[in-house]
Amino acid sequence: MLKIAQLVRIKLSDDEIKHYSKELTMLDWIHDTLLQVNTKGVSPMRYGSIDKDIHVRDDVINSQNIKEEILSNTKPEHGYFVVPKVIND
């Protein structure tokens, strides 16, 4: 846990190191347990359902230039979207 803390550049107290070490040990145990599950012959689930076919929309390329239509609902500054500054100097 201390090595991970050093890699991500955070300081942890001794209590935090003990706590997160136990959490990581539990995750490792869960991972090992899941690897032992026999999934042969089990079809993968998609979107929470195995019975239904999911209709997936085809990607259609629309090569029309609709820049003016898109920008018609914005302030006409600079010919592109202008957003408020969110990062301080």
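Three exercises on a predicted model follow, each with a worked solution.

**Exercise 1. Fold inventory**

State how many helices and strands the chain has, and the order of its elements from the N terminus on.

Solution.
- Count the elements: there are three helices and zero strands.
- Read them from the N terminus: the order is α-α-α.
- Turn to burial: 6% of the 89 residues count as buried.
- Take the surface: the accessible area of the chain is about 9500 Å². Carbon and sulfur atoms hold 56% of that surface.

**Exercise 2. The nonpolar patch**

Find which residues make the nonpolar surface patch, and which element gives the most to the nonpolar patch.

Solution.
- List the members: Ile4, Leu7, Val8, Ile10, Leu24, Met26, Leu27, Trp29, Ile30, Leu34 and Val37 make a patch of about 1100 Å².
- Assign elements: α1 (2-7) and α2 (14-35) are those that give two or more residues to this patch.
- Rank them: α2 gives the most, with six residues.
- Check one member: Ile30 is found in helix α2. Its relative accessible area is 35%. Patch residues need over 30%, so Ile30 at 35% passes.
- Classify Ile30: the residue is partly exposed, because that class lies between 20% and 50%.

**Exercise 3. An unusual backbone angle**

Say where Arg9 is found, and whether Arg9 is buried or exposed.

Solution.
- Locate Arg9: the residue is found in the loop between α1 and α2.
- Read the angle: Arg9 has a positive phi of about 60 degrees, although it is not a glycine.
- Recall the background: most residues other than glycine have a negative phi.
- Classify Arg9: its relative accessible area is 74%. Exposed means over 50%, so Arg9 is exposed.

Terms used: Residues are numbered from 1 along each chain as its sequence is written. This is a predicted model: local features need pLDDT of at least 70, side-chain atom pairs count only at pLDDT 80 or more; totals for chains, interfaces and linings use all residues. Side-chain values use heavy atoms; hydrogens and water are left out. Patches are made of residues with over 30% relative accessible area and no salt bridge: like charges are joined within 9 Å, nonpolar side chains (Val, Leu, Ile, Met, Phe, Trp, Tyr) within 5 Å. Accessible areas come from the Shrake-Rupley method with a 1.4 Å probe; for residues, only the protein chains shown count as cover. A salt bridge is a side-chain nitrogen of Lys or Arg within 4 Å of a carboxyl oxygen of Asp or Glu. Helices (H or I, at least four residues) and strands (E, at least two) are DSSP runs, numbered from the N terminus. Buried means under 20% relative accessible area, exposed over 50%, partly exposed in between (1.4 Å probe, protein chains only).
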